[in-house]
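Dear colleague,

Please find below the structure that I am handing over to you, with its sequence. My findings follow directly after it.

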Amino acid sequence: MWIVRLALSRPYTFIVFALLLILLSPFMLLRTPTDIFPVINIPVVSIIWQYTGLSADQIEQRMVFPQERALTTTVDNIEHIESTSYDGVGVIKVFFHQGTSPVQGVAQITAISQTILKQLPPGTTPPLIIQYSASTVPILQYGIGSASLSEQEIYDLSLNQVRVGLISVPGASIPLPYGGKVRVVSVDLDLKSLEANNLAPSDVVTALNAQNLVFPSGTAKIGTAEYSIDLNTSPVLLGRLNDLPIKSVDGAVIRIRDVAQVRDGYLPQQNVVRLNGVRSTLLTVFKSGTASTIQVAGGIKAAMPGVQKTVTSALNIKQFADQSLFVRAAISGVVREGVIAAALTATMILLFLGSWRSTLIIAISIPLSILASLIILGVLGETINLMTLGGLALAVGILVDDATVTIENIERHLQAGGTLEDGILKGAGEIALPALVSTLCICIVFVPMFLLGGVARYLFVPLAEAVVFAVLASYALSRTLVPTLVMYFERNVKRGSAKDQPKAPTRSSILYRCLRPLIALQHHFEHGFGRFRQGYRNLLQAALAHRVVFAVVFLVFCLGSWALVPLLGQDFFPTVDAGMFRLHVRAPTGTRIEQTAALIDQVETAIRREIPAKDFQGVLDNIGLPVSGINLSYNDSGTIGSADADIL
């Protein structure tokens with residue numbers, strides 16, 4: 001009661017507060033990240049060991065197992081550890097408990113990795129330690145190719161120019177490109193020439209190491225000038241490595257070109273990327289866990305034209321995957337549905353209450369409650385996502401209750417007579433306790449969500465917070481701003497037979513002719529609702545007269561509904577139609593990558609024929625490749641227009 005009296009005595013304070021809420025909202029919303037799902041803060045750290053030449057068994061026994069033993073004794077708050085060993089590579093994933101600082105975990109893992117380095121096979125280099133979370137997902141993918149450049153050149157440009165130019169975008173994380181060939185200086189030995197000159201491969205290695213050196217240099221001050229002195233013996237041109245001497249035999253100098261050939265080569269290729277049938281590289285852009293998908297994608301797209309100007313025009317960069325489009329569509333869809341729900345709610349209020357003033361007051365209180373909830377979510381570090389917006393859309397119908405009940409009870413007291421201020425105080429005071437109990441009950445319903453754990457907690461807690469904050473804000477507004485607006489809107493209304501109008505328009509007036517359709521609709525609605533209310537009263541009387549029969553029928557209906565539960569599917573997320581299919585093709589274990597690429601050629605050839613989707617599985621069966629998933633885009637005619645084939 002006191003807060004209503006305070007609002008009526010200080011009306012400008014609460015009106016200014018509402019205006020301040022509206023003015024602050026754009027600044028908070030622009031600073032709040034936007035994403036499709038809330039941040040799933042499950043800290044994970046990956047440790048990647050590399051030792052070329054070791055088999056998967058040796059990697060597991062000599063490198064992965066000692067690391068796992070060391071982690072369990074020196075690193076805190078580990079939830080569980082997963083590891084996978086490949087030929088030459090060992091990957092260890094360390095999952096921490098919720099709330100653990102990943103920075104502290106990385107520091108402890110780095111320290112113990114350096115400690116056990118001497119226990120590992122000789123020549124082992126320190127591991128690559130990567131920190132990421134479940135929210136670190138690819139948001140953009142670029143295919144980088146060229147019709148004239150070699151795969152080495154494409155990879156080199158992708159790594160050292162395109163990637164470096166984009167890595168400065170805030171919130172973006174860009175790993176090394178997939179596909180292409182990693183450029184190296186290759187020395188191809190001629191074994192017959194080595195044998196003819198009585199040389200071993202180690203002699204070539206020794207010659208390169210001894211004569212391809214970088215020495216520290218300085219300057220020499222001669223006269224009035226200071227000159228730079230270059231003592232480096234590293235050849236400037238790649239071809240000059242062929243001129244390095246190995247040894248002298250009877251006055252004849254044997255050079256590297258006599259027994260080997262130094263060339264611009266590449267490491268053995270481990271993966272292949274093709275864009276529209278042309279060998280290319282794949283550059284994937286990730287976002288950090290707290291960054292906004294839309295902002296990161298927008299920053300990358302804005303920076304890409306500048307990066308393209310720094311590389312040769314022969315390099316083609318094509319974007320073919322954009323997660324931000326899906327995020328924008330999902331967010332706009334939820335916002336659109338929320339606006340439609342608010343408009344329908346206002347329409348229903350106008351039909352039932354028959355007062356445009358009451359409808360306007362309620363239409364003002366609902367957006368203010370939503371804005372207050374969004375501001376609090378932004379202060380708490382939450383993002384604008386499907387879960388928070390879905391919670392706000394769910395709360396729209398709940399937000400109507402406080403303002404509607406308050407206005408209706410105030411209107412009842414005003415119709416009974418008395419001053420405007422007394423009617424507002426009595427009407428708002430009578431429902432203060434019931435409204436508070438109702439608000440608290442709604443909030444208590446969402447309390448169990450805060451007790452969830454794992455991924456479910458990160459998904460549903462923001463939804464619960466959005467509803468709870470909006471409902472609490474709605475209750476506060478119904479006790480302060482709503483009585484204030486009623487006092488201003490109702491002060492000139494004359495009470496009498498005309499419920500809500502100071503003076504009814506005559507039938508010959510222009511206003512009456514304009515409002516006649518709405519007035520007729522209101523009369524028809526009230527007449528129809530009166531019949532519905534009478535029918536409901538008759539139904540309720542019949543149910544009370546046959547209580548036993550009604551209870552049995554209702555119980556049978558409930559039990560019959562439970563019988564449908566086994567027919568319902570179960571999934572973590574609803575099925576989403578993203579307009580694409582992903583094709584996973586697995587060749588027999590041990591197949592060379594060149595042979596796998598040839599098999600994929602046959603798949604791509606079948607796809608380019610735009611065969612009917614129902615016959616595509618038969619084509620794959622004829623090729624002899626098992627399929628675990630499909631990623632195809634269909635044309636309107638039901639044929640396959642494009643596809644993405646992943647070689648596993």
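Helices and strands are named here as DSSP runs, numbered from the N terminus. In these terms, Asp-250 lies in the loop between strand S11 and strand S12 (252-255). Please bear in mind throughout that this is a predicted model.

Overall picture and confidence

The chain contains 20 helices and 20 strands. Of its 648 residues, 36% count as buried. Among the contacts with a separation of 6 or more, 74% are made by residues 24 or more positions apart. The exposed area of the chain is about 37,400 Å², and carbon and sulfur atoms supply 61% of it.

The average pLDDT of the chain is 81, and 87% of the residues score at least 70. Confidence is highest in strand S3 (residues 89-96), with a mean of 91, and lowest in strand S20 (residues 645-647), with a mean of 38. Over residues 627-648 the pLDDT is below 50, and this stretch has 67 contacts in the model beyond near neighbours in sequence. A further stretch, residues 497-504, stays under 50 and has 14 contacts beyond four places in sequence. Where pLDDT is low, the predicted coordinates should not be read in detail.

Strand S1 and its partners

Strand S1 (residues 44-50) is mostly covered, with 6 of its 7 residues buried. S1 runs antiparallel to S3, to which 7 bridges join it. Within this pairing, Trp-49 has Gly-90 of S3 as its bridge partner. S1 also pairs with strand S4 (residues 128-132), again in the antiparallel sense, over 5 bridges. Here Val-44 is the bridge partner of Tyr-132 in S4.

Helix H7 and its surroundings

Which residues of helix H7 (residues 201-211) are buried? They are Val-204, Ala-207 and Leu-208. These residues lie on the same side of H7, because they cover an arc of only 95° around the axis. An α-helix has 3.6 residues a turn, so residues three or four places apart point the same way. The cover over the buried residues of H7 includes strand S8 (183-189), helix H6 (191-196), strand S11 (245-249) and helix H8 (256-259).

Helix H8 contains Ile-256, which is buried with a relative accessible area of 0%. Beyond its neighbours within four places in sequence, Ile-256 is in contact with Leu-208, Leu-241, Asn-242, Leu-244, Ile-246 and Val-262. The C-alpha atoms of Ile-256 and Pro-245 are 6.2 Å apart, with these positions 11 residues apart in the chain numbering.

Two residues with a positive phi

Most residues other than glycine have a negative phi, and most peptide bonds are trans. Asn-198 is not a glycine, yet has a positive phi of about 55°. Asn-198 sits in the loop between H6 and H7 and is exposed, with a relative accessible area of 65%. Asp-250, introduced above, likewise has a positive phi of about 55° without being a glycine. At 82% relative accessibility, Asp-250 counts as exposed, since the cut-off for that class is over 50%.

The nonpolar cores

The largest nonpolar core has 52 residues, and those with the most contacts inside it are Ile-362, Ile-370, Leu-392, Ile-424 and Val-486. Among the elements that give two or more residues to this core are helix H1 (2-9), helix H2 (11-31), helix H10 (323-353), helix H12 (386-415) and helix H15 (454-479). H12 supplies the largest share of this core, at 11 residues. Another core, of 22 residues, lies apart from it; Val-162, Val-169, Val-285 and Val-307 are among its members.

Leu-392 touches Ile-370, Ser-373, Leu-374, Ala-466 and Ala-470, leaving out residues up to four places away in sequence. Leu-389 is found in helix H12. Is Leu-389 buried or exposed? Its relative accessibility is 11%, so Leu-389 counts as buried. With residues up to four places away in sequence set aside, Leu-389 touches Ile-331, Val-334, Val-335 and Ile-384. Leu-389 and Ile-331 are 58 residues apart along the chain, and their C-alpha atoms are separated by 7.8 Å.

With kind regards

How values were computed: Residues numbered from 1 in each chain as written. Predicted model: local features only at pLDDT ≥ 70, side-chain atom pairs only at ≥ 80, totals over all residues. Heavy atoms only, no water. pLDDT = per-residue confidence, 0-100. Helix = DSSP H or I, 4+ residues; strand = E, 2+ residues; numbered from the N terminus. Contact = heavy atoms within 4.5 Å. Buried < 20%, exposed > 50% of the residue type's maximum accessible area, 1.4 Å probe, protein only. Arc of directions from axis to C-beta. Areas by Shrake-Rupley, 256 points an atom, 1.4 Å probe, with all protein chains shown as cover. Pairing = 2+ DSSP bridges. Core = buried A, V, L, I, M, F, W, Y, C linked by side-chain atoms within 4.5 Å.
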